[in-house]
Each structure stands twice: as C-alpha cells, then as structure tokens.
Amino acid sequence: MADKITMGPQGQLQVPDEPIIPFVRGDGTGVDIWPAAQSVLDAGAAKYGRKVAWREVLAGQKAFDETGSWLPDETIQAFRDHLIGIKGPLTTPVGGGIRSLNVAIRQILDLYVCLRPVRWFQGVPAPVKDPAAVDIVIFRENTEDIYAGLEVEEGTPEAKKLIGLLKENFGWEIRADSGVGIKPVSITGSKRLIRAAIKYAVERGRQSVTLVHKGNIQKFTEGAFMKWGYELVKEEFSDVAVGWDDCGGKPGDRILVKDNIADITLQQVLTRPGDFDVIATTNLNGDYLSDALAAQVGGIGIAPGGNINYVTGHGVFEATHGTAPKYAGQDKVNPSSLLLSGVMMFDHLGWKDAADDIVKALEATIAEKIVTYDFARQMDGAKEVKCSEFAAAVVENL
Ligand code: NAP
C-alpha cells in the first residue's frame, strides 16, 4: 500500500515499499523528459519488487496557468509532508516577487545542501582527454552567501540609505552610484554543510574533503568558512577525519580534510582532478564549480542534482538544466539529467540496487551509440533517437 516516507528516531529515512513521491513535471521540455525519466525509474524499481506512488504537484508556468500562483502552497506542503520529491525544470517568472522558483523552494524548505555528484558516464562525449579521472561530489551551501537575496538597486532610496549607514557607522566609502549586496556566511550554515560532506565521505568510503573558499580576499566570510570547517573536524570527527595541518597531509586511515582557494581549484580540477574527492564550498563558488566540472565530463545536459536537509529529512531532486523552450514538446531532448536526479533520489532512499542498475543500463545504451541529438552531434556513427525512444532503449537494457 502506498505510504509516506517518514523520519526515524535515529534521523534515518524510513522508506515504505511503495513510497508516495510528489513530482513537478516541469515547464518547457518537462513534458518530454518527465515521462521518459519516470518510465525508466519505474522499470528500475520494479526489477526489485518496488513501486513509486507518484503524485503530481504544480509549480512554474503550469501552476500559474491553472492556479494563478507560480508556487502554490499545496506544492510546498506536499514536499513538506512527503519529505522527498523531484522536479523538472521550471520557467523563471519575469518580474513579480519571486526571483527564482528553485531558490524559493530551497529557502522555504531550508534545503541547505546542494548535492552535485560529477562523474563521467562511459561513452559520453567529453572535451577533456581523461574524463574518467573526474569523480567528484560537490556539497554546495544552498541558503546563504549572495544568494540570500539581500541586494539593493543602484539609485534607490534603499541603496542611498544603506550606503549612508555604512559610511556613518563603519567609515566605508562606497560610490554613490553603486548597487549593494550583502554576503552572509554563518557558523551555523557553514558547519551543517561541512558536517554533511564529511558524513557522506565517511559513509561512502571517500578519501578526502576539500574546503573550497576565497578566504585570501574575503577573510570573514570565505576564510571563516574554512576555519569553521577545520574546527568542526576537531569537534566532531577526530576519530574518522583529520585536518591537513594536524597530520602534515598524511591522514593514515582517516579522511583528509584540506582546503583550496576557489580560483586555483577551477584550474586544478582540470589539470589534476584526481586530487579532488568530496568538495564542500560556499554557494557562489559551488555554482561555478559544479557547472564547470559538469562540462568537463560532457555532462552539462545530463548532470543531476539534489537539494537536501539531512536534519529534517527533506530533499528535492532536480534536473540541473533549464526548460529549453525551443525544444518543448518535440520529444527531442536528453532526459538523462532528470533521470539521473531520480537515480540520486533512489540512492538517497537506500534503493542502491535499482539506482546502480539504471546507471549501468544508461551507460550500455550510450555505448551502443543510441543517443539523443545533443550527444549524436558530437559522436561518430551515433544513432540519433527521440527522448522517449532513448528512455525505451535504457529500459530495454535494464
Ligand atoms: P536551458 O533551458 O538550460 O537551455 C540551454 C541549452 O542547453 C539548450 O538550448 C540546449 O542546448 C541545452 N539543453 C537544455 N536542456 C537539455 C536537455 N534536456 N537535453 C539536451 N540539451 C539540453 O537554459 P535557458 O535557455 O537559458 O533557460 C530557459 C528557461 O529555463 C529560463 O526560463 C530559465 O530561467 C529556466 N531555467 C530553469 C532552471 C531550473 O529549473 N533548474 C535552470 C536554468 C534555467 P542546444 O541549444 O545547444 O541544443
């Protein structure tokens, strides 16, 4: 019988055999990729005698057209009640109060981790010589930094007031014709993010966690993020992890926690990706880094993502690309980003067997050169298929 996922007493998800999972189909190409991804997820679950009771909820353009609200309260309530959900891409409303529906969902549910595993899938055309060397899991802080939305527009009374206030109280000279943004980075936000990254590394047998920051310039935000990370290792993880300075880079059988400046990290993930395993970083750095790394493995159109609060148990998994409106309804685009987000969700629910099988089936399909247009245009001898045909081929390989 279909039932809700709940949180157990030890802070572990309790997943029934037929969990109810709310989904947002998504705008634009959501009409194409959601049914495709769902068919593969259903087949993967069925292989192990499981079933998902999918429950559609509305957000984005479809929600606005049907209810007059871009993000109806019922949708947020459904994600709240059922803990875990998944969504396709959403149109960003132009004008109005909501800056981004994705950011709004993350903030309302306090989904403080943006989890982006980046690895190469056999056969995917990639721009670098050795894409297989990339196997990096990014924990991007999801609620603070400049994404907190604390900005005032140049020329407005608010900007004038803030600039005046800063001059009066701190002696800071800011040009009168400036827009101004605030970048909050807290102990709470940083430590819970880094805690999640270290726990993940421990549970998955990973070797290292790198704290990526821009602390050489932004000492009290980015630099503090690094400092609090090392503090946390000593406070909570000294039996399983050790900071670089406390072991001279030789951690023994513990997980090595090290740090790296953000700009050099963007070079080194290209030149020596093997040095990076799990990365924990602030919001904006994480945004740049996860897209750059996804491109490196050819996966910008197939990169998966999840937004998670490990304390409350809430998680919303999502395609990382947008709605690609020019292709909407053509049954053309690649459903893999949404599918792999569903795979991450299965893995998060403890359905690792089904998750692994879907990944293998996806790789087998790409190895047969059965691909959608985006890969076909980069591969010799590819057989270009429609979105739904690609999903059917993956199911066949399951
Ligand atoms: P986009 O929708 O991500 O599309 C940019 C390009 O990426 C497409 O033209 C296409 O490249 C490629 N692409 C996207 N999805 C693909 C797929 N499933 N398979 C293969 N290729 C894919 O970005 P956009 O055009 O800048 O944004 C469109 C709308 O989406 C905007 O309203 C934006 O705000 C919104 N958006 C939403 C999210 C989200 O919900 N997470 C994220 C980003 C943007 P080619 O043209 O080379 O074929």
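**Exercise 1.** Find which side chain has an N or O atom 3.2 Å from a nitrogen atom of the ligand.

*Solution.* Start at His321: an N or O atom of its side chain lies 3.2 Å from a ligand nitrogen, a polar contact in the sense of a pair of N or O atoms within 3.5 Å. Note that this is a predicted model, where local features need pLDDT of at least 70, side-chain atom pairs count only at pLDDT 80 or more, and totals for chains, interfaces and linings use all residues. Residues are numbered from 1 along each chain as its sequence is written, and side-chain values use heavy atoms, leaving out hydrogens and water.

Next, go to Ala324, where a polar backbone atom is 2.6 Å from an oxygen of the ligand. Then look at Arg377, with a polar side-chain atom 2.9 Å from a ligand oxygen.

**Exercise 2.** Work out how many residues surround the ligand.

*Solution.* Count each residue with a heavy atom within 4 Å of the ligand. You should reach 18 residues, and the closest are Thr92, Gly322, Ala324, Tyr327 and Tyr373.

**Exercise 3.** Trace the order of the strands in the open sheet, and explain why strand 4 and strand 11 each have a side without a neighbour.

*Solution.* First, pick out the strands, which are DSSP runs of E with at least two residues; two of them pair if DSSP finds at least two bridges between them. The order of the eleven strands is 4-3-5-15-14-6-7-13-10-12-11, with mixed pairing. Strand 4 (53–56) and strand 11 (241–243) stand at the edges with a single partner strand each, so one side of each has no neighbour in the sheet.

Finally, zoom in on strand 3 (residues 20–24): its pairing with strand 4 is parallel, over four bridges. Here Pro22 stands opposite Arg55 of strand 4.

Methods: A residue is near a molecule or strand if one of its heavy atoms lies within 4 Å of it. A polar contact is a pair of N or O atoms within 3.5 Å; within protein, one must be able to donate a hydrogen and the other to accept it, and residues adjacent in sequence count only if both atoms are side-chain atoms.
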